[in-house]
Structure formats: C-alpha cells, structure tokens
Amino acid sequence: MTAPLIVVRGLGFDYPDGTPALRDVNLDIGAGEFVALVGQNGSGKTTLAKCLCALLRPTSGSVSLEGLDTRGRGIVKQVVTKVGYVFQNPDHQLFNASVHAEIAYGPRNIGLPRDEVDRRVREAAQVCGVRPELLDQHPFFLTKGLRQRVAIASVLALKPRTIIIDEPTTGQDRRQSLEVMNFLTRLWEDEGHTVIIVTHEMPIVARYARRVVALGEGRVLLDGETRRVFAEAATLARTSVQPPQVTRFAQAMDHPAVPRDVLQVTEAYEALRGALIGRARQERR
Ligand SMILES: Nc1ncnc2c1ncn2[C@@H]1O[C@H](COP(=O)(O)OP(=O)(O)O)[C@@H](O)[C@H]1O
Ligand SMILES: [Mg+2]
C-alpha cells in the first residue's frame, strides 16, 4: 500500500476560549478516498476539517499532509497546493471583485507567473462549469450554486490532491445537491482527487461516500466503510446520526433475506423481491 496522504495522530484541539473541540483523533486518509465526516452539531467536524488543511494547528498530537507537519512555521504556501478547503458558506471565502481575481488569488499568492495563473484560472473555471463570460463578473451577482463552484475553482486552481468541502449541499434543493455531488464525484473519478465532505445528509453519504468517519464530542466514534458504519445504529445514535431510512428499514425487518447494511432502495428491493419470488415458488410446489 502507498503511504497515506493525511496522517493524524493523537490530535487534540482547544479553541482559544478553552472550548475543547477535538480529543485524541487518529486517522489515515489515502490517495483516492471519498470520505464523509458526520456527527451532530458541535461534534467537531469543521474543526477537524480545518486541522486537515492547516487552517488550524493542533493543540496536541499532529497532522501531517503528504509528509508535511502542519505545526511547522511558514508552511501555508506548501499546504495549499496539497489540501484545499471549501468553506461551509462560500461567502466566507469569496472576497475579490471579480470571478477571475477570485480564482487567480491562490495561484498568484504562491508566486506563479502571470501566464500560468491565467491558464490555471481558465482550467479550474472550465472544470467547475464556470463559463468564461462569468470571469469578469462580481461573485456577489452569481447564484449560490455558482458561487460555490467559484469557491471550488479557486481551490482547484492550486491543484491540491485532496479537496475538503464543508456542507456542500446545505441550503440547496435536491437538484442542486445532486449537481454538486456528481461534480465532486467526477473530480474523484476522473481527476483522481481525494475528496472529504462534511455533511448532515445521510442519503448523500450512502450514495457517494465510500468511507465514513463519525465524530461525537470531538472523538472518532466510528471509522470505516460506509456500509459497516451505518450498520452501527446504536453508536451513531450517540452523535444523533441516523442511518438512511432504507438502512433502518432493513434493520427493522430483521429478516435473513434482507441484509442489514443496504444503502439504496434498489438493493433492498432486489433482496426482498428475490426472497418473495423464492417463497412464492415454494408455495406453488
Ligand atoms: N471559533 C470558535 N471558538 C470557540 N469554540 C468554537 C469555535 N468554533 C467552534 N467551537 C466549538 O468547538 C466545538 C466543535 O465545533 P465544530 O467543529 O464547529 O463542530 P461541527 O462542525 O461538527 O458542528 C463546538 O463545541 C463548538 O461550539
Ligand atoms: Mg461545521
């Protein structure tokens, strides 16, 4: 196995006012993973996400990004080319007067030459579906969905291998949510990015994430393959997370024909149909 991209050891984080937000977090995240961070409000998801991109430095323990220890001084310029973080609210991130300037900000800041900056802006905008004619506009005049794409483009322009996106679907309708999730899936599948999402929406987790890390009171309660984690309903309840409805349905059925770890309605349907057809055949005999 290749070395993990992100290595977290004994991570603790307290805010300056003394609020303890993370306790003894241990994680390895490898290249090409699609991970969801879940847990109730205040469980530490955003704090962990910010520690994973060095926006916050550990109070205790360590975080290393592609071998780079985030406690080091003056590492920000290196970190931004390894891990990109998209804020929960894109408006906390967008502060330039045009979409072009917004996407160019990071590449300029790490000192890339002008033509390379320009190339990266156009590439990132294209990947994110931000049309060239929007580059001269003020981000303020775009829809929320587009502002989020601009926020993602401004991170991608730095070409990080890992992209962390905080609550990508909050406040969006179903169509917009699927659009942003399908877009992240393309980055993951086609561009080979490692994707980490923070979310409250378990159907989204079930459909897209391959691995789930559940936090409760700043600690990792569960960490594993999405199916395995959703099978642990009692532990998830400690951090107010409910598995998707269809998974709960399968667990409530408690029937050998229906696996307790189904994630999709189609899976439950196929399992049940198989069982019912089998039974009907037996009865006919
Ligand atoms: N800037 C801050 N100052 C003090 N405490 C904070 C700050 N941000 C978050 N917290 C606290 O840290 C804990 C974890 O918060 P957070 O990481 O935002 O959780 P989540 O994203 O899971 O809702 C909570 O107790 C929260 O109140
Ligand atoms: Mg949060």
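Val 38 finds its bridge partner in β9, namely Ala 214. The exercises below start from this pair.

The model is predicted, so that local features are reported only at pLDDT of at least 70 and side-chain atom pairs only at pLDDT 80 or more, while totals for chains, interfaces and linings use all residues. Residues are numbered from 1 along each chain as its sequence is written, and chains are lettered from A and ligands numbered from 1 in the order in which they are written.

**Exercise 1. The sheet that contains β9**

Determine which strands β9 pairs with, and place them in their sheet.

Step 1. Strand β3 (residues 34-38) pairs with strand β9 (residues 211-216) in the parallel sense, over 4 bridges. Strands are DSSP runs of E with at least two residues, helices are runs of H or I with at least four, and both are numbered from the N terminus. Two strands pair if DSSP finds at least two bridges between them.

Step 2. β9 is also joined to β10, by 6 bridges, and these two strands run antiparallel. Ala 214, the partner of Val 38, stands opposite Leu 222 in β10.

Step 3. The connection between β9 and β10 is a hairpin with 2 residues between the strands, and Glu 217 in the turn has a positive phi of about 45 degrees.

Step 4. The complete sheet is open, has 6 strands in the order β6-β7-β8-β3-β9-β10, and shows mixed pairing. β6 (83-86) and β10 (219-225) each have a single partner strand, so at these edges one side of each is left without a neighbour in the sheet. On average, neighbouring strands here are turned by 15 degrees against each other, direction ignored.

**Exercise 2. Helices across the sheet**

Identify the strands across which α5 lies and those across which α6 lies.

Step 1. Helix α5 (residues 144-156) lies across β6 and β7 (162-166), and runs at about 165 degrees to β6. Axes are lines fitted to C-alpha atoms, for helices over the stretch in contact, and angles run from 0 to 180 degrees between N-to-C directions.

Step 2. Helix α6 (residues 174-189) lies across β3, β7 and β8 (194-198), at about 150 degrees to β8.

**Exercise 3. The antiparallel sheet**

Trace the sheet that contains β1 and follow Ser 64 through its pairs.

Step 1. This open sheet consists of 4 strands in the order β2-β1-β4-β5, with antiparallel pairing. Its edges are β2 (20-29) and β5 (68-69); each has a single partner strand, so one side of each lacks a neighbour in the sheet.

Step 2. Strand β1 (residues 6-14) pairs with β4 over 5 antiparallel bridges. One of the partners in β4 is Ser 64, which belongs to Val 7.

Step 3. Strand β4 (residues 60-65) is joined to β5 by 2 bridges. Ser 64 stands opposite Asp 69 in β5, and Leu 65 stands opposite Leu 68.

Step 4. β4 and β5 form a hairpin with 2 residues between them, where Glu 66 in the turn has a positive phi of about 45 degrees.

**Exercise 4. The surroundings of ligand 1**

Describe the shell of residues around ligand 1 by origin and by class.

Step 1. The shell includes Tyr 15, Asp 17, Gly 44, Lys 45 and Thr 46; a residue is near a molecule if its C-beta atom, placed from the backbone, lies within 6 Å of it.

Step 2. Helix α1 (residues 45-51) supplies the largest share, 3 residues.

Step 3. By class there are 2 nonpolar, 8 polar and 2 charged residues. Ala, Val, Leu, Ile, Met, Phe, Trp, Tyr, Cys and Pro count as nonpolar, Asp, Glu, Lys and Arg as charged, and the others, Gly among them, as polar.

**Exercise 5. The domains**

State how the protein is divided and how domain 1 meets domain 3.

Step 1. Domain 1 covers 1-82 + 160-235, domain 2 covers 98-157 and domain 3 covers 244-285, with bounds from an automatic or database domain assignment.

Step 2. The C-alpha centres of domain 1 and domain 3 are 33 Å apart.

Step 3. In domain 1, 8 residues are in contact with 7 residues of domain 3, contact being C-beta atoms, placed from the backbone, within 7 Å. On the side of domain 1 that touches domain 3, α7 (202-208) and α8 (226-230) each supply at least two residues. That side has 6 nonpolar, 1 polar and 1 charged residues.

Conventions
Two residues are in contact if their C-beta atoms, placed from the backbone, lie within 7 Å.
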